[in-house]
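Work through the following exercises with the structure open beside you, and try each task before you read its solution.

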Amino acid sequence: MPKPPKPSVSTGRVVAAAVTLLLLGTVGATQAVRVGASFMRDLELVSPALSKSPPWTEDPKTPRLARRVFLVIIDGLRSDHSYQLPFLDELRRKGVDLEAQSHYPTWSRPNYVSILTGVPPRASGVRTNWHFTPVLLDSLMDRARAAGLKVATATDYGLLPSLFLRPVGNGGVAIDPKDLEVDIDVMVEAPASKTALRAPGANLRSPFHDARYVPWPGGFSEASAALVEGNAELVVLLIGAVDVAGHAHGADSEDYLEATQTADRALGRVLASVDLALDTIIVTADHGHTDAGGHGGTEPEVLTVPLILAGAGVKPASVFDARLIDVSPTVSALLGIPAPGHGMGRTLVEVVALDPEARQRRLSADRLRLLATRSVVAVSEARAEAELLENRALRLGLVLGGAALAIAMAVLLIRRRVLRLDLRVLMVAIPAFFVVYYALIATLGQRFSPSLLPQQGHLTMALVKYAIVGMVVQLLASLWVLRRQGDLASRLAAANGIAWTGLMLSMIPAGLLWAFFPAPYVLVPGATWLILIPAVTLTVACSAIDVALTLAIELIVFAARARYRHLVAAASDSAS
Ligand SMILES: [Zn+2]
């Protein structure tokens, strides 16, 4: 007895299922792009817990040891590449040669803040170079000004003069964001354009009495020389050129070496007239660079930077645990002023020539300040963690519920034969994207870290590039395996299967990350997650686009063949 013919699949239903999957993909992609695009900004905190507590600024009243302090930041100079530079080596001979640890995430803006406020990125809320709002933490400049000292800066990188904007007339103590004559929410969203309207008349001042942004060749030397000639007691010099060479060619390149030599020569010329019997020079860096170029992660070559101190008030000693957050309290001790009051670092008393009694006063001031700042940070982190845990169950429930719903939908569609999970098809089509995408990211280095991306913290662009390659591979693989499917309806049903599986495989991990690492990030995700969170988010958008393209092509093939058959049938009709 012949088997009854299989009931034919309704064309309309297969197409309807494809359109539903397309819609689902579009929603997922839009959400993913939104989350991915704001990831770097979500890491930033405009007013961290510390900024809301008054700074601890009690004066330990220790003698002033240096008439002037020149604090030099060579952006991106890693420690082991800071030797055999004549000027720096000469400073080392005259003073002390230390290494300092930078703070994760090892990007520039976060660590200018570490150096100048003594607050690491974790607590300062400045975690990437996407921080556009004024830092509302007590700074070295605020302390110096409050003590009646003049502060100045020269840099070929425009950021420093504007990083710590203050309301005019504010001595720098406890700044309320409301006092800033700019809409902070607008600055977060569109830092330059929207605030520009009111910018010329804004009631703001730079933290420096004299701020020189000199981005042209020779500008740094000219401006720095003028500041050395001048009378500012605290002078912050920032050189950006070494970091630029690091990004372009890597720390293991001739160009980087040349950039360090050029910077060293310029500093030697500019600071030649500094009288080290009266004044002090400190040289450090915000972060290092990988051999291939890049920073942001926790690699030793990225974390370890030089810290050289020479001149008045400096005495030789070894310090093995210096950090960038220790720089500002140490400068404060040299100038005889209170340390920045939100700082979480210590005075490097080992290298400061204080008598035992004064040294003790500095140490107790440090202890009280650390007691205050550490508890504020600990409370805010504990609170954030508790909130996270509280919401995690709900978020996990939503993700798992959504997944269950999708599986139920798939079962229904499979029964109606409008969705087909053909194992061989899925095995070729689905891994294509993920394998290519993650393999490309992995080729950047042995592990996931923001340092492996050479560009300055622009994770998204690098990831998008890899995602596009992955998408093309998956699209070709999908079309190649679908080509072998029999009739049109089953071909589209198999395409629906690829679409459904791809969406599930990308959306569930993205959902889990959303449950475990939701924005805003009071707690900074680790270096691996800093890459994986945007990377996984992006896979949702890519899968959705792939799904859309695969299904669209299949729908076109489907329609074209149906039309062709119709024409053939019509032709044979008229022939008979
Ligand atoms: Zn850099």
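**Exercise 1. Find which residue in strand 9 is the bridge partner of V283, and place this pair in its sheet.**

Solution. In this predicted model, the bridge partner of V283 in strand 9 is I308. As a next step, look at T284, whose bridge partner in strand 9 is L307. These pairs belong to the contact between strand 8 and strand 9 (residues 304-311), where 5 bridges join two strands that run antiparallel. Turning to strand 1 (residues 69-74), we find that 5 bridges join this strand to strand 8 as well, but here the two run parallel, and F70 stands opposite I281. Finally, step back to the whole sheet, which is open, has mixed pairing and consists of 7 strands in the order 2-9-8-1-7-3-6. Its edge strands, each pairing on one side only, are strand 2 (96-101) and strand 6 (210-213).

**Exercise 2. Decide which residues of strand 8 point one way and which the other way, and whether they are buried or exposed.**

Solution. Begin with the general rule that in a regular strand the side chains alternate between the two faces of the sheet. Applied to strand 8, this gives T280, I282 and T284 pointing one way, while I281 and V283 point the other way. For the second part, recall that a residue counts as buried under 20% relative accessible area; in strand 8 (residues 280-284), 5 of the 5 residues are buried.

**Exercise 3. Name the residues that touch the most other members of the largest nonpolar core, and follow the contacts of L307.**

Solution. The largest nonpolar core has 87 residues, of which L88, L234, L271 and L307 touch the most other members. Once its neighbours within four places in sequence are left aside, L307 is in contact with residues that include I282, V283 and T284, as well as V96, L98, A322 and L348. There is also a second, separate core of 59 residues, with A429, A494, A499 and V536 among them.

**Exercise 4. Work out how helix 11 and helix 12 are oriented to each other.**

Solution. First take the axes of helix 11 (residues 241-249) and helix 12 (residues 254-270), which come within 8 Å and cross at roughly 175°. Angles over 145 degrees count as roughly antiparallel, and therefore helix 11 and helix 12 are roughly antiparallel to each other. Then look at the residues that meet, which include A241, V242 and A245 in helix 11 and Y256, A259 and A263 in helix 12. By class, this contact has 6 nonpolar, 3 polar and 1 charged residues.

Definitions and conventions: Residues are numbered from 1 along each chain as its sequence is written. This is a predicted model: local features need pLDDT of at least 70, side-chain atom pairs count only at pLDDT 80 or more; totals for chains, interfaces and linings use all residues. Side-chain values use heavy atoms; hydrogens and water are left out. Axes are lines fitted to C-alpha atoms, for helices over the stretch in contact, and angles run from 0 to 180 degrees between N-to-C directions. Helices (H or I, at least four residues) and strands (E, at least two) are DSSP runs, numbered from the N terminus. Angles under 35 degrees count as roughly parallel, over 145 as roughly antiparallel, 65 to 115 as roughly perpendicular and the rest as oblique. Contact means heavy atoms within 4.5 Å. Ala, Val, Leu, Ile, Met, Phe, Trp, Tyr, Cys and Pro count as nonpolar, Asp, Glu, Lys and Arg as charged, and the others, Gly among them, as polar. Buried means under 20% relative accessible area, exposed over 50%, partly exposed in between (1.4 Å probe, protein chains only). Two strands pair if DSSP finds at least two bridges between them. A nonpolar core is a set of buried Ala, Val, Leu, Ile, Met, Phe, Trp, Tyr and Cys residues joined through side-chain atoms within 4.5 Å.
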